[in-house]
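Biologist: I would like to learn how to read the symmetry, the core and a strand of a model with two chains. Could we take them in turn?

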Number of protein chains: 2
Amino acid sequence: MKRGVVIVAGGTGRRMESEIPKQYLDLHGKPVILHTLEKFFHFDPDMKVVLVLATDHRKFWNGIPLSYEYSSRIEIAPGGESRYDSVKSGLRLMDDNLVVGIHDAVRPLVSLKTLERCYESAAERGSGIPVIKMEESVRLVKEQGHSVRMDRLKLRRVQTPQVFKSEMIKEAYRQPCEAAFTDDAAVYESLFETVSLVKGNRENIKITTPTDLQLASILIRTVG
Amino acid sequence: MKRGVVIVAGGTGRRMESEIPKQYLDLHGKPVILHTLEKFFHFDPDMKVVLVLATDHRKFWNGIPLSYEYSSRIEIAPGGESRYDSVKSGLRLMDDNLVVGIHDAVRPLVSLKTLERCYESAAERGSGIPVIKMEESVRLVKEQGHSVRMDRLKLRRVQTPQVFKSEMIKEAYRQPCEAAFTDDAAVYESLFETVSLVKGNRENIKITTPTDLQLASILIRTVG
């Protein structure tokens, strides 16, 4: 089954204390976003790649020297006001009968094995969402300062890529956005059955702070 | 109100790929456990400190050159088979009418402000548990592969020190251990009211892997 990915790079760099959006910062010799793209091409050289770029980030993207091989194969879609709009914009360029991932540009450390598990699950069961176990105790806050302990063994932290059959996720994203649509899995589940969880990888962090970027530069040596 | 802390250093180093238990590894020029102890002494020079040591870790502890000022002020309690037994062992050396924290030796990066919030809350309301917000989407696993999305805005990750009025937490720890006693807050709540949550600090990580130790060496410059 042919594969595709929508890489969402719409976010601004406000939290990074940096003028440059985080996906364009250097990690181990090249921009974060290039690591992310290369990971998907490495996983599947035939991958259809759509990159969603915020309009005012074009200059950062254009500043990256790309080989013709890459630049000719990446389709650019315009970012929207919200993440929901950006994903929708990227999905418009995706054909039916694909398995398509939706991935944060700032998660360059997704492993090849995680990608394999996500795409295989989506091909077989309609969806594949990478999750990892929770390491710390977790509490659920109730009203008036009360909180209750959760069973952390039953909790999972959700990563990306969240992978789906393209016609289904496209249909889900044709709906008007709702407050409950906190991630792609939530959008999908509003129309279809519960998503299938697969094992993610612990290094697959979302780079949102300068510390995350430093951590990523440590972790990059351990991901394959 | 006089303050105390039980620092639990019973854990073994299995996950660290190292013969030396993680609390004795070097961080920025001195053992992790020394950073942790100094943080509490810095916060309150009159702090009563009980250190719970696994019996077969004595050699690591004895290998640390300590000033007389420190060595004379730290009381050692023997570790037990489980964390529950170790905490209980430490609490035996604590007087009543204190506010007493229970803290992981492998969390050297707790901030002074977090300590202040925890101890103040315990003095006023009986308990103070440091928590931080969840950054990622979270799902709760149900039977047969099903899972549901949680509202992550209502979830909190729990850190240490978990601080209590000493006579209450000592009474709670006189009970036989139960499977539901996953942390000190759970032991406390089995006898008393719901715990009070306070703001922790994001850098207050638990060092359990070599990557954690590298991350800690980045973070140590930012904690005060």
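What follows is a dialogue on a predicted model.

Biologist: By what turn and shift can chain B be laid on chain A?

Modeller: The idea is to superpose one copy on the other and to read off the operation: here chain B falls on chain A with an RMSD of 0.0 Å after a turn of 180° and a shift of 0.0 Å along the axis. The two copies are therefore related as by a two-fold rotation axis. In chain B, the C-alpha nearest that axis belongs to B:L215, at 3.0 Å from it, and the same surface serves both copies, since 100% of the contact residues of chain B recur in chain A.

Biologist: Which residues have the most contacts inside the largest nonpolar core?

Modeller: That core has 121 residues, and those with the most contacts inside it are A:V6, A:I7, B:V6 and B:I7. Helix α1 (residues 32-43) of chain B gives the most to this core, with six residues. Leaving aside neighbours within four places in sequence, A:V6 is in contact with residues including A:V50, A:L91 and A:I102.

Biologist: Which way do the residues of strand β10 of chain A point?

Modeller: In a regular strand the side chains alternate between the two faces of the sheet. In β10 (residues 155-158) of chain A, A:L155 and A:R157 point one way, A:R156 and A:V158 the other way, and all are buried.

Biologist: Which strands are joined to β10(A) by bridges?

Modeller: Strand β7 (residues 127-133) of chain A is joined to β10(A) by three bridges and runs antiparallel to it, with A:K133 partnered by A:R156. Three bridges also join β10(A) to strand β8 (residues 138-141) of chain B, again antiparallel, and there the bridge partner of A:L155 is B:L140.

Notes
Residues are numbered from 1 along each chain as its sequence is written. Chains are lettered from A and ligands numbered from 1 in the order in which they are written. This is a predicted model: local features need pLDDT of at least 70, side-chain atom pairs count only at pLDDT 80 or more; totals for chains, interfaces and linings use all residues. Copies are superposed by least squares on the C-alpha atoms of residues with pLDDT of at least 70 in both. Two residues are in contact if their C-beta atoms, placed from the backbone, lie within 7 Å. A nonpolar core is a set of buried Ala, Val, Leu, Ile, Met, Phe, Trp, Tyr and Cys residues joined through C-beta atoms within 7 Å. A residue is buried if 20 or more other C-beta atoms lie within 10 Å of its own, exposed if 12 or fewer, and partly exposed in between; C-beta atoms are placed from the backbone. Helices (H or I, at least four residues) and strands (E, at least two) are DSSP runs, numbered from the N terminus. Two strands pair if DSSP finds at least two bridges between them.
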